[in-house]
Amino acid sequence: MDYSQYFSAALGRLHDERRYRVFADLERIAGRFPHATWHSPNGPRNVVIWCSNDYLGMGQHPKVVGAMVETATRVGTGAGGTRNIAGTHHPLVQLEAELADLHGKEAALLFTSGYVSNQTGIATLAKLIPDCLILSDALNHNSMIEGVRQSGCERQIWRHNDLGHLEQLLIAAGPNRPKLIACESLYSMDGDVAPLSAICDLAERYNAMTYVDEVHAVGMYGPRGGGIAERDGVMHRIDILEGTLAKAFGCLGGYIAAKGEIIDAVRSYAPGFIFTTALPPPICSAATAAIKHLKSSSWERERHQDRAARVKAILTAAGLPVMENDTHIVPLFVGDPEKCKQASDLLLEQHGIYIQPINYPTVAKGTERLRITPSPYHDDGLIDRLAEALLQVWERLGLALHKKPLAAE
């Protein structure tokens, strides 16, 4: 039997549906971000990255790089195994304490990625609650969906940010059934924000727990970078906050923060924690340095918001189809998977601008887009050149311009 035919057929389907993903070979240059070297088929070329989730450029910050180098030199590179086998190295203990403090919680627990923290965190929490009903926002990230699925619990999907629908489901579940409301604070494809205060009101009224994914907001919002929940003054009302170290903090890893007994229960039961090697000491020290810096420095957040606002204003004035929102995400509507990929290719090959296309299944079919994420280091000249390049690509592909920005769906 030729087993390779199954894999070839699967790849063929992706090509036919215009969903096959191609990754650019990029080499970031510390101190020059957002500039990078693209190792193209024709040799190295300088490009400007416009879609990184290293939102604040902390991956190149001297404090962060210095902490990583110092720790690697002092204690080595690896963690030596799982925490159950090798113990917990001290930089990891320090990082968990820093994260608990960031979110005003008793404790925090680190995972190898934000995906794993959602996947194994939600599944473990729900399994430990008898007859738990999970109420999940319709646009939750795949990692949350997988966590809900792997819990084996009954789930109900509430329409995105629809408080009336959520309340209907809470009422129908009854006051005595355990319930877990799971949502994100900031949805990264449209850039819209959950009404966290109102969700907490409903959770308290109908006796539900709350689980909020803050991966695209930690470091970015709030006086100390605690996220949308901190900005909106509701951190203390949310039972479990989940975040990442790989975006605004410029490192790697995911975590949850909550009351001590919740964290201890997940630590004791979650297979995605128990059976995987701990984050390396240099990564933990680097992340701690990033969090400490952003707790006291607001320059990065303020400059970042200024840059995002300028990009939106310039692109909108040019008639490009910016999907409106009040956050740092700048989605540019295309609505066609093939043209979305072509636009990305033209920007990279002809203009030295890297923006990855966002197609199905990341977004719904017919809503394909370019997702632009400015940083504090994208200056006015880079923004103007981005607008000029996009207009040329739009004209080349026959894409429509708009007089008014589009509302995100």
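This report describes selected local features of a predicted model, from a helix face to charged pairs, aromatic pairs and two buried residues.

## Helix 10 and its two faces

Helix 10 spans residues 260-269, and its buried residues are Ile262, Ile263 and Val266. Viewed down the helix axis, these buried residues fall within an arc of 95°, so they line one face of helix 10. An α-helix has 3.6 residues a turn, so residues three or four places apart point the same way. The face turned away from the buried side of helix 10 carries the exposed residues Glu261 and Tyr269.

The buried residues of helix 10 pack against several elements of the chain. These are strand 4 (107-111), helix 5 (114-127), strand 8 (209-213), strand 9 (240-244) and strand 10 (254-258).

## Salt bridges between distant parts of the chain

The model contains 22 salt bridges. Side chains of opposite charge can pair when their charged atoms come close. One of the salt bridges joins Arg205 to Glu167, with the closest N and O atoms 3.3 Å apart. Arg205 belongs to helix 8 (residues 196-205) and Glu167 to helix 7 (residues 163-173), so that this pair links distant parts of the chain, 38 residues apart. Arg205 is exposed, at a relative accessible area of 52%, whereas Glu167 is partly exposed, at 23%.

A second example is the salt bridge between Arg369 and Asp190, with an N to O distance of 2.5 Å. This pair also links distant parts of the chain: Arg369 is in strand 15 and Asp190 in the loop between strand 7 and helix 8, 179 residues apart. Arg369 is buried, with a relative accessible area of 4%, and Asp190 likewise counts as buried at 7% relative accessibility.

## The charged network of helices 13 and 15

Asp380 and Arg307 form a salt bridge in which the closest N and O atoms are 2.7 Å apart. Asp380 lies in helix 15 and Arg307 in helix 13, so the pair ties together parts that are 73 residues apart in sequence. The partners are set in contrasting surroundings: Asp380 counts as partly exposed, at 35% relative accessibility, while Arg307 is buried, with a relative accessible area of 5%.

This salt bridge belongs to a network. Asp306, Arg307, Arg310, Asp380 and Asp384 are linked by salt bridges.

## Aromatic pairs

There are three aromatic pairs in the model. Among them is the pair of Tyr3 and Tyr6, which is tilted, with 6.3 Å from centre to centre and 50° between the planes. Tyr3 is exposed, with a relative accessible area of 54%, and Tyr6 counts as partly exposed at 46% relative accessibility.

Another pair is formed by Trp299 and Tyr377, whose ring centres are 6.1 Å apart and whose planes stand at 50°, so the pair is tilted. Trp299 lies in helix 13 (residues 299-317) and Tyr377 in the loop between strand 15 (369-372) and helix 15 (380-397), so this pair ties together parts that are 78 residues apart in sequence. Both rings belong to partly exposed residues: relative accessibility is 43% for Trp299 and 29% for Tyr377.

## Glu184: buried without a salt bridge

Glu184 lies in strand 7 (residues 179-184). Glu184 is buried yet has no salt bridge, and the nearest side chain of opposite charge, that of Lys247, is 8.9 Å away. That distance lies outside the 4 Å cut-off for a salt bridge. What does the side chain of Glu184 reach at 2.7 Å? The partner is the backbone nitrogen of His141.

Leaving aside residues up to four places away in sequence, Glu184 touches Leu139, Asn140, His141, Met144, Ala194, Val212 and Asp213.

## Ala217: a buried loop residue

Ala217 is located in the loop between strand 8 and helix 9 (228-231). Is Ala217 buried or exposed? At 0% relative accessibility, Ala217 counts as buried.

With residues up to four places away in sequence not counted, Ala217 touches Ser185, Leu186, Gly227 and Ile228. The C-alpha atoms of Ala217 and Ala229 are separated by 8.9 Å, and these two residues are twelve residues apart along the chain.

Technical notes
Residues numbered from 1 in each chain as written. Predicted model: local features only at pLDDT ≥ 70, side-chain atom pairs only at ≥ 80, totals over all residues. Heavy atoms only, no water. Buried < 20%, exposed > 50% of the residue type's maximum accessible area, 1.4 Å probe, protein only. Helix = DSSP H or I, 4+ residues; strand = E, 2+ residues; numbered from the N terminus. Arc of directions from axis to C-beta. Contact = heavy atoms within 4.5 Å. Lys, Arg positive; Asp, Glu negative; His and termini not counted. Polar contact = N/O pair within 3.5 Å; in protein donor to acceptor, adjacent residues only side chain to side chain. Phe/Tyr/Trp six-rings, centres within 6.5 Å; stacked < 30°, edge-to-face > 60°.
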